[in-house]
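Reader: I should like to go through this model with its author and ask how each label is justified. Please begin once the structure is displayed.

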Amino acid sequence: VFDNHFYLRYYPRRLDKNGNMIERKPFLPRYLNGLYLVRILEEMNVNRLHAKQGKTRFFEDFIFLTFHKSKEQAKKRYPNAKFVIYCFDIYKGDTTGHPELLQRLKDDGFIIINQADISDIDLTNSKWWVTPDDSHPNEKYWDEITPKIAKILKL
């Protein structure tokens, strides 16, 4: 999961005096940010950060902070909202990864639902994929899973 390259919009471990995440100022104008060279420079910066700080823990801390701050903001407008993280297995056994992060999120008030706990669907089977090249779950998958999630959440 965390092998993807993150192009960080916020500083991963810096907060302002009010505890809010601080947005990074791009070193180039925004319209240049999509250029391939800029992406390579961003990737080099991210690689430098997690080489220094430990890749998995660095990203888990950043993901936790992002989820926590997002929930904090949403609670201001929707105080009774439920915050659910649904973990699905694109590869068998994916949902068993990152137990410390999932526990931190659970302790922070998130509801964690693992696909393996509610279904035996095998997402390595392409019949559940959006396209033959995109293994994200398709409409058929969500038609089967959504009622189960709704039942768990008592919706």
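**Labels and their grounds**

Author: The protein has an accessible surface of about 10,600 Å², and 55% of that surface belongs to carbon and sulfur atoms. Such areas come from the Shrake-Rupley method with a 1.4 Å probe, and for residues only the protein chains shown count as cover. This is a predicted model, in which local features need pLDDT of at least 70 and side-chain atom pairs count only at pLDDT 80 or more, while totals for chains, interfaces and linings use all residues. Residues are numbered from 1 along each chain as its sequence is written, and side-chain values use heavy atoms, with hydrogens and water left out.

Reader: What makes up the secondary structure of the protein?

Author: The protein has five helices and six strands. Their order from the N terminus is β-β-α-α-β-α-β-α-β-β-α. Helices (H or I, at least four residues) and strands (E, at least two) are DSSP runs, numbered from the N terminus.

Reader: Why is Asp-61 called buried?

Author: Buried means under 20% relative accessible area, exposed over 50%, and partly exposed in between (1.4 Å probe, protein chains only). Asp-61 has a relative accessible area of 15%, and therefore counts as buried. Of the 155 residues of the protein, 31% count as buried.

Reader: How do you know that Asp-61 forms a salt bridge with Arg-104?

Author: A salt bridge requires a side-chain nitrogen of Lys or Arg within 4 Å of a carboxyl oxygen of Asp or Glu. In the pair of Asp-61 and Arg-104, the closest N and O atoms are 2.9 Å apart, so the criterion is met. The pair links distant parts of the chain: Asp-61 belongs to helix α2 (residues 55–77) and Arg-104 to helix α3 (residues 99–107), 43 residues apart. Arg-104 has 25% relative accessibility and so counts as partly exposed.

Reader: How many salt bridges are found in the whole structure?

Author: The search finds three. In general terms, side chains of opposite charge can pair when their charged atoms come close.

Reader: What makes the contact of Lys-69 and Glu-72 a salt bridge?

Author: The N to O distance between the side chains of Lys-69 and Glu-72 is 3.3 Å, so this pair also satisfies the criterion. Both residues lie in helix α2, three residues apart, about one turn of the helix. Lys-69 is at 12% relative accessibility and therefore buried, whereas Glu-72 is at 31% and therefore partly exposed. The C-alpha atoms of Glu-72 and Asn-20, 52 residues apart along the chain, are separated by 9.9 Å.

Reader: Which residue forms a salt bridge with Lys-71, and how do you know?

Author: The partner of Lys-71 is Asp-108, with the closest N and O atoms 3.8 Å apart, so the pair is accepted. This pair, too, links distant parts of the chain: Lys-71 is in helix α2, and Asp-108 is in the loop between α3 and β4 (111–114), 37 residues apart.

Reader: Why is Lys-71 called buried, and what does Lys-71 touch?

Author: The relative accessible area of Lys-71 is 13%, and this is why Lys-71 is called buried. Asp-108 is buried as well. Not counting residues up to four places away in sequence, Lys-71 touches Phe-83, Asp-108 and Phe-110; contact means heavy atoms within 4.5 Å.

Reader: Which share of the contacts between residues at least 6 apart in sequence joins residues at least 24 apart?

Author: In the protein, that share is 60%.

Reader: What makes up the nonpolar surface patch?

Author: The residues are Leu-37, Ile-40, Leu-41 and Met-44, and the patch covers about 360 Å². Patches are made of residues with over 30% relative accessible area and no salt bridge; nonpolar side chains (Val, Leu, Ile, Met, Phe, Trp, Tyr) are joined within 5 Å, and like charges within 9 Å. Ile-40, placed in helix α1 (residues 36–53), is at 31% relative accessibility and so counts as partly exposed.

Reader: Why is the patch of Asp-120, Glu-139, Asp-143 and Glu-144 called negative?

Author: Asp and Glu count as negative and Lys and Arg as positive, while His and the chain ends are not counted; because the patch is formed by Asp-120, Glu-139, Asp-143 and Glu-144, it is negative. The place of a charge is taken as NZ of Lys, CZ of Arg, CG of Asp or CD of Glu. Asp-143 lies in helix α5 (residues 139–153) and, at 52% relative accessibility, counts as exposed.
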